[in-house]
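Colleague: I'm new to this, so could you walk me through how you decide what to call things?

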Amino acid sequence: MVYCQEVITNTLTIKDMSGKGLNSYPLQIGRAFIKGEIKTAPGISFNGTVLNSQSQVTVRYDDGSVRFAVISTVLPTISAYGSGLLNIFPYSSMPAKDETCNTDEIFKQFPDLDIKITLKGNGTVSTVSAKEMINKGYYQWISQGSIRCELLIVDHSATRGADFGLGGVKSFRPIFIFNYWRTIGTIQVRSTLENSNMDTLQDINYNVTITQGLNNPTTLYSQDNINHIFGSRWTKVFWFGSNIPEPKVNIDYNITYLAQTNMFPNYLQNHTMSEAHINYYYNAWLNKPKGIRGTGSWTKYQPTTGMRDDIGPMPAWKSSWLVIGDWRFREISLGNADLAGAWQAHFREVDSKLFFDREKNVSVVGKPISLNAHPNLWFPDNSGKYSGALNTPRLADDGWTLDGAHQPDPFSVAYMLTGDYYYLESLQLWAALSVMRIPYGQYGRGKDGYAGITEQIRGNAWILRSRGFAALLSPDGSPEKKYFEQILEDALAYWQGQRSITTSGGSQLTNHPNYIWAQQNTKIDWSPLRFWIKDTSTKQAAFWQESFLLIVFGMLRDMGFTQAEPLLKEYQKLLTEQIVAPDYDPRYMCIYYGYTMHANLTWYKTWNEFKVQNDLLQNSYSVAAINDFKNGAFVAMVATSAASFLTTYQNGPELWNYLKTNVFDKFDYSVDNRAFKIYPRSFASPIFPQTSVAPPKPSPKPSNVVNPPKTSTSSPVTPQKSNNGTVPIGSKRVLVSRSNEGTSLFVSNGLYLIVLIMSACIYFYNKY
């Protein structure tokens, strides 16, 4: 295959859609980077002028270059309906460290600031105060810099000093995050209430009120008759101060660039949607229930069958936000991510005698539920019981039910575009629980204490996807990073062992305990056609589920998890060999459920045999497959999506061209199933036109406001309207970059144009 070496520009475009213009707009983004692009830390410019900014690098590549960072800056004036170009460039050396933050500065700016959560239930009233928690020392700084100070207010210690209850066991853990913008007198407050401690699990009904103010508190939010189911949490976000950000702002994140980082699927930049469709989608969102435990756009009962917007590599509304950048899809995406806390997917460890890590060096207290602390736990078990839950009556089920086979991903993209710590932690909590929901032993995880995955094929895909993102995005050096990398490897080793993939096939895991265990206990007779499992009950397989798993293996391979490749290298033959099979019609890959073996449980050995037998046993399914292919139905679309990851293998380009021509090129998919419209990546090394610049000298610490403005509250702003957030805890690398405002960035837009014109496409051959 011939590739053209691409010139890559790391830019974003921001546009005011309110008609009011923007002034001193606080902007925080998460940003993925291409390997080798940023050696030290990123800076940012606006329309060619370098801005004061701070960056926190949380993940680096193996060559030391930046892989993911959270960048914060305050944008200058943008006129009504105007726009500006943000350019992210590399500093040539490490920027100077920023000054530290302190709580006195926040309370000098906001002397009346105190967020309180009050619960009424069980004949009792209980209140927790964010300021009182700070006074008791229950906090830690997540980010400190000249632009933004971020304070996590929580007690995750063994003493659990801030936990509270309603006249009995202290089942609730309050969490507040203060995101203070130092130079513009503005603060964002996220208030969260968990019912997740593993030794106090119980359902509790209450009324809630959230207030702000020390002396004459005002009500920010209230809701009655909440059934807070254990294992769930809720969150609300409020803004205060003089520069509350305008929500109607479009941000073009530049999917062409982001796809080159391999952390996002390769969606097309021009895959737009009509204004009528966007408005229709948004108006539907406005009518969704969005209070605590509100449904939003979710299908609460995940086992509900049928394709829908929340299933796939990411929910459809998130792919729309990622590609189109429209403020309405941002509101929908973040709003739904906040509402996803209603699922019973959030469990936090409390036993100081247990360890989070396999090596038994890190206490489990305050961490997500850990397999290393409970190597033989099935949570919940086959009868739906949760070990350790209190013996109290369960409240009425309000429909929020988990399921691996239809599990969405509410958090990965939300975190990658905003850098909001809440979404990273939510991703970690979900990925951690998904381990424990699978039984131990031969029907699930494999060797005791190891995290194999045994689900429906689609469940394998979606659980693996979330586990991969948790491993990728958890900060370098953190216990969570190591944990999720290990359990991801556990699953890949288990599957490689089952399928006898050896070192000659690329496996580096043949000595892994779960590989050896699978070889000895659950080794399978892998289909010559490479169907994933041998279902001796139905004798069938679903191509669309197989495509889901192929997509996720492709995503993991591209993200750099190399031990996904030995599995994908064999498994991809399921699709690529159909395109060249003699006496066969490749449109049969659209059979919804196809027979894969004879009555005596021996596999079909050729694709011709597969076709002949399915025509004989269920001809109506064969006819439907042809029609579904002709009509670009869902089964055809997901096969095409899977094929986009297979172009580097033998027959892969032919498969892709065939499916692209007959499916993607013929049908729109701009609304329905748009998260699956993925194209092959170019694996040519990119050209970076940015030239490294020296970091500027540190600017003076911003002075405190002598007469601070009266604290103002936004009218109960729903969480989804914020495009700002927080950054991860636990990173050993806190890199803060600043620059003198007004300095001209010599790599201007004009120079980019010259580079684009002068850069020749360099062709090379990629041998299969």
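Modeller: Sure. Keep in mind that this is a predicted model. Going by the distance rule, the count is one disulfide.

Colleague: What makes cysteine 101 and cysteine 149 a disulfide?

Modeller: Their sulfur atoms sit 2.0 Å apart. The cut-off is within 2.5 Å, so the pair qualifies.

Colleague: And what does the link tie together?

Modeller: Cysteine 101 is in the loop between strand 8 (83-90) and helix 1 (103-109), while cysteine 149 belongs to strand 12 (residues 148-153), so parts 48 residues apart in sequence get tied together. The link of cysteine 101 and cysteine 149 is left-handed, with -80° about the S-S bond.

Colleague: How do you know whether cysteine 101 is buried or exposed?

Modeller: Buried means under 20% relative accessible area. Cysteine 101 comes in at 7%, so we call it buried. Cysteine 149 has just 1%, so that one is buried too. Cysteine 590, at 1%, also counts as buried.

Colleague: Now the sheet. Which strands are the edge strands, and why are they called that?

Modeller: There's an open sheet of four strands in the order 10-9-15-16, with antiparallel pairing. Strand 10 (124-129) and strand 16 (218-228) each pair on one side only, and they are the edge strands. From one strand to the next, the twist averages 15°.

Colleague: How do you know that strand 15 pairs with strand 16?

Modeller: Pairing takes at least two bridges. Strand 15 (residues 204-212) and strand 16 run antiparallel and are joined by eight bridges, so they pair. As for who faces whom, isoleucine 210 stands opposite tyrosine 221 in strand 16.

Key
Residues numbered from 1 in each chain as written. Predicted model: local features only at pLDDT ≥ 70, side-chain atom pairs only at ≥ 80, totals over all residues. Heavy atoms only, no water. Helix = DSSP H or I, 4+ residues; strand = E, 2+ residues; numbered from the N terminus. Buried < 20%, exposed > 50% of the residue type's maximum accessible area, 1.4 Å probe, protein only. Axes fitted to C-alpha atoms, helices over the stretch in contact; angles between N-to-C directions.
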